[in-house]
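Okay, thanks everyone, I'll keep this short. Let me put the structure up, and then we'll walk through it piece by piece.

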Amino acid sequence: MEPLLPEDQVLELNARFEEASPQEILRWALRDSGLKRVAIASAFQAEGTAIMHMAVQLDPDVPVLFLETGFHFAETLAFKERLTERLGLNVVELTGDHTVEGQAAEFGERLYERDPHLCCELNKVIPFQRALRGLDLWITGMRRDSSWTRKDSPILDQYELEEGKTLVKVNPIANWTKRDAWRYLKEHDLPHNPLYDLGYASIGCAPCTRMLFAGEDERAGRWAGQSKTECGIHVPESANQDQVLVPEAGTEELATSGSS
């Protein structure tokens with residue numbers, strides 16, 4: 001199957017986008033790319049709020065994909081409703097095949113503690129993959145500096161979602177810092193999830209998210225105590241989390257642990 005974009009164009013765009021503003025990158029994605037089936041993926045964190053605010057000025061009807069796992073904080077859901085009304089967002093809620101109760105009946109209680117990879121697979125990866133099959137391009141609020149697994153993420157990535165299905169992924173604020181994101185919210189008088197004010201830095205499902213302690217990495221509060229930093233929807237970044245340093249004969253080699 002032919003890729004959506006020629007590989008030389010992907011290289012050229014990545015070089016150009018490193019010096020471009022997020023608004024310019026979004027304009028390309030939403031208007032100039034020639035790709036018609038485009039959506040934003042957001043968990044309504046600070047970065048996503050900035051992206052959605054920029055995007056609706058270019059396309060008020062752009063779909064916003066939200067994974068309704070059944071395990072979100074009440075504050076997150078309330079904030080989602082507030083921002084949806086404020087910006088007039090076209091939110092599309094994605095759900096897995098199990099309710100919270102149905103998952104407990106089939107897999108046992110507190111699956112998120114016993115097997116967080118499977119819980120994310122059921123509630124995030126599978127429903128998100130279904131949605132991606134109907135798209136040409138998706139937009140994220142991912143930042144390189146938010147996690148070591150994301151430090152090499154390109155602004156534009158073209159990859160094979162599955163056999164015969166090519167997809168373009170755009171990270172318009174990949175080279176932003178956390179401070180850049182919060183500066184944007186302040187400049188545009190945009191609200192934020194109140195959990196940030198309590199000490200949360202990266203907000204996911206309630207059972208797998210805690211507040212940070214002083215000096216911790218931004219995503220240390222996600223799946224704390226687990227060798228897990230990604231849910232699985234960002235495929236290359238999720239692969240990075242499965243690379244661990246294993247000393248062997250006085251050297252260190254990269255070895256693959258269990259994949260998510």
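So, F128 and W138: both of these are buried. Keep in mind that what you're looking at is a predicted model. The two rings have centres 5.0 Å apart and planes at 70°, so we call this pair edge-to-face. It links distant parts of the chain, with F128 sitting in helix α7 and W138 in strand β4, residues 137-139, ten residues apart.

Another pair to look at is W176 with Y184. Here the ring centres are 6.0 Å apart and the planes are at 45°, so this one is tilted. Are these two buried or exposed? W176 is buried, at 13% relative accessible area, and Y184 is buried as well, at 6%. If you search the whole structure, you get seven aromatic pairs.

Okay, let's stay with helix α7, which runs over residues 116-132. N123 is in that helix, and its relative accessibility is 4%, so it counts as buried. What does a buried asparagine side chain do here? Well, on one hand it makes a polar contact with the side chain of Q103, at 2.8 Å. On the other, it reaches the backbone oxygen of C119, at 2.9 Å. If you leave out residues up to four places away in sequence, N123 touches L67, T69, F71, H98 and Q103.

Right beside it in sequence is L122, also in helix α7. L122 has 11% relative accessibility, so that's buried too. Which residues does L122 contact, once we set aside neighbours within four places in sequence? The list is G96, H98, Q103, F107, L111 and P127. You'll notice that H98 and Q103 were on the list for N123 as well. There's also a C-alpha to C-alpha distance worth noting for L122: D97 is 25 residues away in sequence, but 7.3 Å away in space.

Now a similar story in a strand. L161 is in strand β5, residues 156-162, and at 12% relative accessible area it's buried. Its C-alpha is 7.9 Å from that of R133, with the two positions 28 residues apart in sequence. The residues L161 touches, again not counting those up to four places away, are Q129, L132, R133 and L167. Q129 and L132 bring us back to helix α7, given its range of 116-132.

Next, the cores. As a general point, nonpolar side chains in soluble globular proteins tend to be buried together. In this model, the largest nonpolar core has 47 residues, and W28, L137, I139, L156 and V170 have the most contacts inside it. Which helix gives the most to this core? That would be helix α3, residues 46-56, with seven residues. Apart from that core there's another one, of 13 residues, including A41, L67, L135 and L167.

Let me pick out I139 from the big core. Leaving aside neighbours within four places in sequence, I139 is in contact with L26, A29, L30, V38, A39, I40, A41, I51, V170 and P172. So V170, which is also among the best-connected residues of the largest core, is on that list.

On to the cysteines. How many disulfides does the model have? The count comes to zero. Take C208: the closest cysteine sulfur is in C119, 6.2 Å away, and that's too far for a bond. C208 is buried, by the way, at 14% relative accessibility. C120 is buried as well, with a relative accessible area of 7%.

Last bit, the overall numbers. The chain has nine helices and eight strands. Of its 260 residues, 50% count as buried. The accessible surface is about 12,800 Å², and 51% of that belongs to carbon and sulfur atoms. And if you take contacts between residues at least 6 apart in sequence, 67% of them join residues at least 24 apart. L161 and R133, at 28 residues apart, are a pair we've already looked at with that kind of separation.

That's what I had. Happy to go back to any of these spots on the screen.

How values were computed. Residues numbered from 1 in each chain as written. Predicted model: local features only at pLDDT ≥ 70, side-chain atom pairs only at ≥ 80, totals over all residues. Heavy atoms only, no water. Helix = DSSP H or I, 4+ residues; strand = E, 2+ residues; numbered from the N terminus. Buried < 20%, exposed > 50% of the residue type's maximum accessible area, 1.4 Å probe, protein only. Polar contact = N/O pair within 3.5 Å; in protein donor to acceptor, adjacent residues only side chain to side chain. Contact = heavy atoms within 4.5 Å. Core = buried A, V, L, I, M, F, W, Y, C linked by side-chain atoms within 4.5 Å. Disulfide = S-S within 2.5 Å. Areas by Shrake-Rupley, 256 points an atom, 1.4 Å probe, with all protein chains shown as cover. Phe/Tyr/Trp six-rings, centres within 6.5 Å; stacked < 30°, edge-to-face > 60°.
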